[in-house]
Amino acid sequence: MKTMKPLSHEQTLIIDILKMAVSNMHDDKSDNKLVIDFSNVNWFAFYKLINEQGIFPFIYKKINEYIPNEIFPMFLEEYKKHIQYIDLLIDEIKEVAELAQRQNIHLVVSKGVVLSKLIYDDVYVRKAGDIDTYLNDNDVPVMHSILIEHGYIHKATKNNEEHTLPFPILKYSYVHHEYWEYIKEVSKKEYVYLELQRFIQNKITHQMQDFLNGFQMMELNGAVIKTFDVEHSLLLLTINTYVDSQWFNSGPRLKGYFDICNYYTKFSKYIDWDRIYSLSDKYNIHEVIYRVLSDVNEIFNDCIDIRIIQLFKSDTSNKLFFEWNTPVLLRIFQSELDHERSIKKQLIDRCFSHNNPNFIAPKIVDFTGGDYDKFIDVKYGFSFQFGFKRSSSCLILELHFEQRFFDSLEDFLLDIAFINEDYNESNLCKYAFCIVKNEGHIKANNVDETENKDCEIIMTSDLIYTISIPYNLIGVDKNDLPVKLAYNVSLSERMHKNVMLLISEHWYFNLEYWENPPIIQLQT
């Protein structure tokens with residue numbers, strides 16, 4: 001793995017400010033003055049970093065008196081915008097919470113403004129981009145109607161095109177934890193975004209009702225709302241920090257770790273750690289808590305009692321998928337591109353190595369073909385069989401449809417993707433296309449739904465089709481056979497216009513897929 005540069009002066013300064021703030025919270029006699037040298041600071045780089053890390057409001061309130069006059073207006077303007085937006089969010093939180101209560105909908109509000117009040121006793125300390133609400137999935141249709149009646153629009157974005165949705169649609173996949181955003185114009189060109197979340201990421205799903213029962217009432221600027229109680233708020237914060245740290249296009253950020261450190265400092269005397277352990281065991285997240293709390297201690301000099309962290313150290317084989325050889329502080333300031341590359345390398349290593357049992361024993365593909373796999377979708381129970389064979393110039397995919405699925409195919413896309421084994425390529429997918437049915441005819445499209453003119457489709461008999469994929473599209477040179485290819489087959493449902501919903505999680509983000517990706521081997 002590429003060696004990372006040491007922290008810059010501005011990055012080190014940010015860490016020093018946060019560490020001193022944590023230290024001052026521990027010290028009741030502290031006057032909260034910072035004893036830090038602000039000379040030789042690149043203030044533009046500093047401004048960019050604290051925004052990227054999601055800690056601008058906190059840092060601004062701590063250091064505004066040290067900001068040079070010539071750069072101060074930029075910081076002040078950003079902070080004023082933040083204050084104005086938080087005020088808009090609070091007004092909407094109060095209204096939405098009241099509307100839900102009138103309809104007896106158990107709606108819990110967390111993250112953003114609410115955690116700012118809970119952790120810092122100040123609604124303006126944390127940066128917030130939207131309103132995060134949590135509810136039972138069965139209550140979503142009624143909550144959707146309430147939001148629409150009160151000025152919200154349910155919108156999805158596909159291929160840079162926005163679509164107003166007529167009914168609640170989940171983001172991206174059938175197993176996703178939240179629905180597409182609800183957007184309200186609260187004043188001229190001032191918008192508030194609201195999320196309806198039915199799960200806690202992908203970590204707490206079928207036990208979500210139990211999690212929702214762990215709530216408390218909170219006073220928020222004159223209104224009383226529901227938020228999670230002390231233990232469940234910590235679990236939510238920890239899970240979100242962990243998931244963000246693994247995400248392909250962002251990586252870990254200081255905001256979550258700093259929040260957890262301050263949360264522990266404030267509530268350490270009140271947290272029921274036996275209850276936390278019991279809940280963690282129920283939700284199977286010991287390893288997540290152990291990893292995140294260990295990272296917090298690595299960043300903030302053992303601010304959490306190590307004996308508490310050790311409670312969650314698992315002796316089982318249930319280890320987290322990604323392993324990092326780089327200190328968390330360096331990963332925090334890693335560029336999004338470098339973070340994505342480091343994850344891609346781990347995925348490729350997992351796929352094309354002896355860590356993958358299917359790499360050791362791939363399915364052999366020759367001129368005659370082999371066994372067929374069966375695909376069964378988890379939502380409707382549709383099924384089809386597929387298998388591979390090869391010609392002198394193409395990989396041939398053979399599809400055997402069942403009648404019920406074939407009759408409904410116009411409402412679906414069948415997605416085929418091949419995984420890139422080259423670390424140096426920018427895309428983890430080397431080639432992808434989809435199979436669609438239009439006016440009774442089966443054809444191939446590109447992923448952007450334009451016509452694919454490279455892959456030939458032939459109906460060989462009733463409900464049986466072959467798709468010929470030229471070798472050059474999948475990076476195969478027939479002179480280099482045998483060659484191994486990793487692939488994925490998935491199904492998407494057309495929900496509204498060109499807004500699609502994957503029946504299962506997208507392979508790119510699905511760690512279960514990466515445990516043992518399917519492999520075929522093209523023989524000579």
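Visitor: Why is Phe312 called buried?

Guide: Buried means under 20% relative accessible area, exposed means over 50%, and partly exposed lies in between (1.4 Å probe, protein chains only). Phe312 has a relative accessible area of 1%, so Phe312 is buried. A word on where such values come from. This is a predicted model, in which local features need pLDDT of at least 70, side-chain atom pairs count only at pLDDT 80 or more, and totals for chains, interfaces and linings use all residues. Residues are numbered from 1 along each chain as its sequence is written, and side-chain values use heavy atoms, with hydrogens and water left out.

Visitor: How many aromatic pairs does the structure hold, and what makes two rings a pair?

Guide: There are 44 aromatic pairs. Rings of Phe, Tyr and Trp (its six-membered ring) pair if their centres lie within 6.5 Å. Planes under 30 degrees apart count as stacked, over 60 as edge-to-face, and the rest as tilted.

Visitor: Why is the pair of Phe58 and Tyr120 called tilted?

Guide: Their centres are 6.0 Å apart, with 50 degrees between the planes. That angle is in neither the stacked nor the edge-to-face range, so the pair is tilted. Phe58 lies in helix 3 (residues 56–63) and Tyr120 in helix 5 (residues 112–120), so the pair ties together parts 62 residues apart in sequence.

Visitor: What makes each of them buried?

Guide: Phe58 has 10% relative accessibility and counts as buried. Tyr120 is buried too, with 14%.

Visitor: Why is the pair of Trp273 and Phe312 called edge-to-face?

Guide: The centres are 6.4 Å apart and the planes make 65 degrees. That angle is over the edge-to-face cut-off, so the name fits. Trp273 lies in helix 10 (residues 273–283) and Phe312 in the loop between helix 12 (306–311) and helix 13 (328–332), so the pair ties together parts 39 residues apart in sequence. Trp273 is buried as well, with a relative accessible area of 14%.

Visitor: How do you know that the charged end of Lys484 sits over the ring of Phe359?

Guide: A charge sits over a ring if NZ of Lys or CZ of Arg is within 6 Å of the ring centre and within 35 degrees of the ring normal. Lys484 is 3.8 Å from the centre of Phe359. Lys345 lies over the face of Tyr423, at 5.1 Å from the ring centre.

Visitor: What makes Val296 buried, and where does Val296 lie?

Guide: Val296 has a relative accessible area of 0%, so Val296 is buried. Val296 lies in helix 11 (residues 286–299). Helices are DSSP runs of H or I with at least four residues, strands are runs of E with at least two, and both are numbered from the N terminus.

Visitor: Which residues is Val296 in contact with?

Guide: Contact means heavy atoms within 4.5 Å. Leaving aside neighbours within four places in sequence, Val296 is in contact with Tyr257, Ile260, Cys261, Cys303 and Ile304. Cys261 is 35 residues away along the chain, yet its C-alpha atom is 6.5 Å from that of Val296.

Visitor: What makes a set of residues a nonpolar core?

Guide: The members are buried Ala, Val, Leu, Ile, Met, Phe, Trp, Tyr and Cys residues, joined through side-chain atoms within 4.5 Å. The largest nonpolar core has 118 residues, and Phe46, Phe75, Met143 and Phe300 touch the most other members. Helix 4 (residues 72–102) gives the most to this core, with 12 residues. Another core of 40 residues lies apart from it, and Phe401 and Val489 are among its members.

Visitor: How do you know that strand 10 and strand 11 pair?

Guide: Two strands pair if DSSP finds at least two bridges between them. Strand 10 and strand 11 are joined by 4 bridges and run antiparallel. Ile376 has Ser383 in strand 11 as its bridge partner.

Visitor: Why are strand 10 and strand 16 called edge strands?

Guide: The open sheet has 5 strands in the order 10-11-12-17-16, with antiparallel pairing. Strand 10 (373–376) and strand 16 (456–461) each pair on one side only.

Visitor: What joins strand 11 to strand 12?

Guide: A hairpin joins them through 3 residues. There are also 7 bridges between strand 11 (residues 383–390) and strand 12 (residues 394–401). One of the partnerships links Gly387 to Glu398 in strand 12.

Visitor: What makes strand 11 mostly covered?

Guide: In strand 11, 6 of the 8 residues are buried.
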